[in-house]
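Reader: I should like to request a close look at one part of this model, namely its charged side-chain pairs. Please treat the matter in a connected account.

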Amino acid sequence: MSQPQEVVVPAPVGGPRRERRGGALRLLKELPVLIALALLIALLIKAFLVQAFFIPSASMEPTLHVGDRVLVNKLSYRLGEPERGDIIVFRDPYPDPCDEDGASAGCDDSLLQRSLNWIAEVFGLPTGETRDFIKRIVALPGETIAIQDGEVYVCPDPGCRPIDSEGEPFEGRKIDFPQTDEEGPQIDEDDQLAFTVPDDEYYVLGDNRANSRDSRVFRGIERDEIVGKAFVVIWPFSRFNTI
């Protein structure tokens, strides 16, 4: 008796290749949606959670160097209050020339330029038009601050006298921060008369006191102008460190 023969059904010619081609086409169709979703997630993170920030100047050396990238926690001050010693990012306290009458045509960035600037900010890249500052909080709302020979003195009430006429502590106390040659405020020889920090404002200084535009120039920073608290250096990798 002859054995039944096995019937082999040939695979459709080009079947796997056709499937691969269909998968590639499907990916191309979905790619714009995936990109839009990624940008939406990045926007939400940047707007509400964490933002990368590029250090544009030497005002915070040696704690932060020019070109460092730090992460800024935007939730810190939604869940709590700013504290003395915090390193904060805040909006430029100087008037924006583009908001003034007769502003130059260069203020009218195209949609493409604004989009590129936004993408650069997401990754902490310089945009050429940084409107944010980064400094350290040294005095809190309602406190009175004075600086003598670079040392900071604070007393707790409006109108109190942190130091006497000889520059010695009177009703105030000297504020010290952890400091080394690699980190922390670098003391200069600056003197500043007593100044009462308005309610809901903060007095900030750069760690590089001799090369910093800070509250000695523009006074208090309003609470609403604070973007968030810097908490870690992420770039360059050799300087990765918490702040």
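How many salt bridges does the structure hold, and where in the chain do they lie?

Author: The model is a predicted one, and the structure holds eight salt bridges. Side chains of opposite charge can pair when their charged atoms come close. Three of these pairs are described below, after a brief account of the chain that carries them.

The chain has 243 residues, of which 36% count as buried. Its secondary structure comprises four helices and 12 strands. Among contacts with a separation of 6 or more, 65% are between residues 24 or more positions apart. The exposed surface of the chain comes to about 15,200 Å², with carbon and sulfur atoms supplying 56% of that area.

One of the salt bridges pairs Glu81 with Arg223, with 3.6 Å between the closest N and O atoms. This pair links distant parts of the chain, the two residues being 142 positions apart: Glu81 belongs to the loop between helix H2 (76-79) and strand E3 (87-91), and Arg223 to the loop between strand E10 (221-222) and strand E11 (226-235). The two partners can also be described by their accessibility. Glu81 counts as exposed because its relative accessibility is 53%, over the 50% cut-off. Arg223, at 15%, counts as buried, because the limit for that class is under 20%.

A second salt bridge joins the side chains of Arg84 and Glu143, at 2.9 Å from N to O. Arg84 lies in the loop between H2 and E3, while Glu143 lies in the loop between strand E4 (132-139) and strand E5 (144-148); the pair therefore ties together parts that are 59 residues apart in sequence. Arg84 is partly exposed, with a relative accessible area of 23%, whereas Glu143 is buried, at 10% relative accessibility.

A third salt bridge is formed by Asp190 and Arg216, whose side chains meet at 3.3 Å, N to O. Asp190 is located in the loop between strand E7 (173-175) and strand E8 (192-196), and Arg216 in helix H4 (residues 215-218); the two are 26 residues apart, and the pair links distant parts of the chain. Arg216 is buried, with a relative accessible area of 14%. The pair also belongs to a network: salt bridges that share partners join Asp188, Asp190, Asp214 and Arg216.

Some backbone features deserve mention beside these charged pairs. Most residues other than glycine have a negative phi, and most peptide bonds are trans. Arg219 has a positive phi of about 65° although it is not a glycine. Arg219 is found in the loop between H4 and E10, and at 33% relative accessibility it counts as partly exposed. Asp149 likewise is not a glycine and has a positive phi, of about 50°. Its position is the loop between E5 and strand E6 (151-155); Asp149 is partly exposed, with a relative accessible area of 46%.

Two cis peptide bonds may be added to this picture. The bond between Glu61 and Pro62 is cis, with omega about 5°, and Pro62 lies in the loop between strand E1 (50-54) and strand E2 (69-73). The bond between Trp235 and Pro236 is also cis, with omega about -5°; Pro236 lies in the loop between E11 and strand E12 (241-242).

Notes:
Residues are numbered from 1 along each chain as its sequence is written. This is a predicted model: local features need pLDDT of at least 70, side-chain atom pairs count only at pLDDT 80 or more; totals for chains, interfaces and linings use all residues. Side-chain values use heavy atoms; hydrogens and water are left out. Buried means under 20% relative accessible area, exposed over 50%, partly exposed in between (1.4 Å probe, protein chains only). Contact means heavy atoms within 4.5 Å. Accessible areas come from the Shrake-Rupley method with a 1.4 Å probe; for residues, only the protein chains shown count as cover. A salt bridge is a side-chain nitrogen of Lys or Arg within 4 Å of a carboxyl oxygen of Asp or Glu.
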